[in-house]
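Biologist: Could you take me through one part of this model up close? I'd like to hear about the sheet and the aromatic side chains, and how the pieces hang together.

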Amino acid sequence: MEEHTQSFLLHDGALLLGTALVFVLVFRRLGLGATLGYLMTGAVLGPYALRLVGDAESKLGIAELGITLLLFIVGLELAPHRLWRMRHEIFGLGLLQVAACGLAVTGVIFAFTGFSLTASLALGLPLGLSSTAQVLPMLQSAGRLHTPFGERAFGILLFQDLSIIPLITIIAAMSRNPAAAEGPPGWLLVIYTLAAIVGLVAAGRFLIRPLFRLIGNLGEREMFVFAGLFTVIVSAAAMELLGLSTALGAFIAGVMLADTPYRHELEADVEPFRTILLGLFFMSVGMMVNLDAVAQQPLYVFTMALAVITTKALVIFLIGKAFGMEWRGALALGLLLSQGGEFGFVLFAQAQEALLIRPEAGSIFTAVVTLSMVSTPFLMMATRRMREAPITKETRDEPQPDGSNALIVGYGRFGQTVAQMLIAAEIEVTLIDTDVEMIDIADGFGAKVYFGDGTRIDLLRQAGAADAELIAFCIDGDQITEAFLHAVHQAFPRPQILVRAFDRRTMVALKDTPVRKIVREVMESAVVMARAALDALDVSLQDIDRAEAAYRSRDKERLTLQIQTGDITAARDRIFTQPSRS
């Protein structure tokens, strides 16, 4: 039995991953995004098409961890002070969007489908929500998540996640199922939510942060992966135990760790799991599209999907205009959030258990949500030219993506001097090091240093290397190799690269690398000490300058020949040697 199950899982995994690879590559090539490729993979292989893969519900249960991890990573990028700054977008724009879109879609369903008012509410309110799992990656890939437009969209999405609790309460209150009365009342869920948030914040400060500090001291990267996943899953499980949103728990866990030195390391470690599980989530959604129901009532399904998209886009456009957005931005926001969301599947199931809608209706509206999600990339492509605004004061003043102007890897004695001079010149820097004790000391002096291995491409990416203008490797020893520097330049062609070299051997080894400058770590300090020694011996300043110029000239000749020939012994005759005494 176990062998059969394992074979079945391997068969499904091979088919899903292989087909997804093809579809995602094709759709990305066409500019339609990866999400549509995953949805098409599930729809083609699922039980309503080729019937090669089944059991979508169980796969969806596992894949929902992808949404949880996505919210955790988003939380890591939102420090509490930034979240407080976005309170108007979250509780103003978000609240208005959820209420207005939910009621508007409810009105459309009630007016044109013949559903009762309670059934219309059970369907319309969930359809007012958008797809966090689809929209956030689109904003991230476009580099707009940290712009005013992106923050408005994210504020709405975050409030939608918060609204799951009151929506579940509303459906429970309308329930016709006698067993539903056994669940906790809505006011108790609110208390649970507040208590869980306070508990997670306290656990983060007094348990999770010390845990990461201990792991950092041990230097075990694998333990960081375990600890990161443990933090996300425990936070989500605590929320689920209370009947709350698991995604909200993961988001809070991310926010409470956003101000810690371990933010970039956690992002780099969790990101691969998020990508895989989110892809599996969309494949599972595609498998759940009841193509038979669509085939039986194609006009109804497509008309309802069009009605949902049109209604939500119009309502969000009007809300955006009311909040002072330029019409192009308001239109883009409306189209971006016009689809139904993944939480609609959860709420439809809740409505079926409450006997508010029939299973057939749940299946049809699941297809409506999925079709609306499929439409989003096409809508954004079709309206791109219309939404492209001329340069105005609003667009000109939009901040650039949240990357640093300079990224400094290594904050020892060498890196500290480089960083402080850049800061003195008002250059924004991001600092990375692996020494936990030094990070704690630097924090006491007001320097924010992030924990992480700066020789990892994925960590450099999370730290903002793609948007930096400069990357300075100030690491001790000869850890930087030629192959690594070529990989960094290929991954991040924009920033200029500076390297601290251990000695002239390192400079010879790195002669063909795409770097702006290589600096020998003790060269200048040794020259300064030599000048001080000559001064102590009462050598005149003119002779000191002459001696330094002579040394630098010969050293440069030697180094040039050594780099050209690759021979460290080249130009030995240019070394200053003590005259022999006879």
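**Around Phe365**

Modeller: Let's start with Phe365: setting aside neighbours within four places in sequence, its contacts are Ile109, Phe115, Leu123, Leu127, Tyr300, Met304 and Phe348. Bear in mind that this is a predicted model. The largest nonpolar core holds 88 residues, and Phe365 is one of the two, with Phe154, that touch the most other members. There's also a second, separate core of 35 residues, with Ile73, Ala227, Tyr262 and Tyr411 among its members. Keep Tyr262 in mind, as we'll come back to that residue.

Now the rings. The count comes to seven aromatic pairs, taking ring centres within 6.5 Å as the rule. Phe115 and Phe365 make one of them: their ring centres sit 6.1 Å apart with the planes at 65 degrees, and over 60 counts as edge-to-face, so that's what this pair is. In sequence the two partners are 250 residues apart, with Phe115 in the loop between helix 5 (87-113) and helix 6 (117-127) and Phe365 in helix 18 (residues 359-382), so the pair links distant parts of the chain. The two ends are not covered alike: Phe365 is buried, at a relative accessible area of 0%, while Phe115 is partly exposed at 22%.

Then there's Tyr262 with Phe451, an aromatic pair that comes out as tilted, at 5.6 Å centre to centre and 55 degrees between the planes. This pair, too, links distant parts of the chain: Tyr262 lies in the loop between helix 12 (246-257) and helix 13 (263-287), Phe451 belongs to strand 3 (residues 449-451), and 189 residues separate them. Here both partners are buried, Tyr262 with a relative accessible area of 4% and Phe451 with 7%. Add Phe212, and ring pairs link it with Tyr262 and Phe451 into a cluster.

Phe451 takes us to the sheet through strand 3. The sheet is open, with six strands in the order 3-2-1-4-5-6 and parallel pairing. Strand 3 and strand 6 (517-520) are the edges, each pairing on one side only. From one strand to the next, the twist averages 20 degrees.

Strand 2 (residues 429-433) deserves a closer look. Five of its five residues are buried, and that goes for both faces: Val429, Leu431 and Asp433 on one side, Thr430 and Ile432 on the other. Strand 1 (residues 406-409) runs parallel to strand 2 and is joined to it by four bridges, with Ala406 having Val429 as its bridge partner. To get from strand 1 to strand 2 the chain passes through helix 21 (residues 413-424), in a right-handed β-α-β crossover. Strand 2 also pairs with strand 3, again in the parallel sense, over three bridges, and there Ile432 stands opposite Tyr450. Another right-handed β-α-β unit is made by strand 2, helix 22 (residues 436-444) and strand 3.

Further along the sheet, strand 4 (residues 470-473) and strand 5 (residues 496-501) run parallel and are joined by four bridges. The bridge partner of Leu470 in strand 5 is Gln496.

Note on methods:
Residues numbered from 1 in each chain as written. Predicted model: local features only at pLDDT ≥ 70, side-chain atom pairs only at ≥ 80, totals over all residues. Heavy atoms only, no water. Phe/Tyr/Trp six-rings, centres within 6.5 Å; stacked < 30°, edge-to-face > 60°. Helix = DSSP H or I, 4+ residues; strand = E, 2+ residues; numbered from the N terminus. Buried < 20%, exposed > 50% of the residue type's maximum accessible area, 1.4 Å probe, protein only. Core = buried A, V, L, I, M, F, W, Y, C linked by side-chain atoms within 4.5 Å. Contact = heavy atoms within 4.5 Å. Pairing = 2+ DSSP bridges. Right-handed = clockwise from strand over helix to strand, strands pointing away. Axes fitted to C-alpha atoms, helices over the stretch in contact; angles between N-to-C directions.
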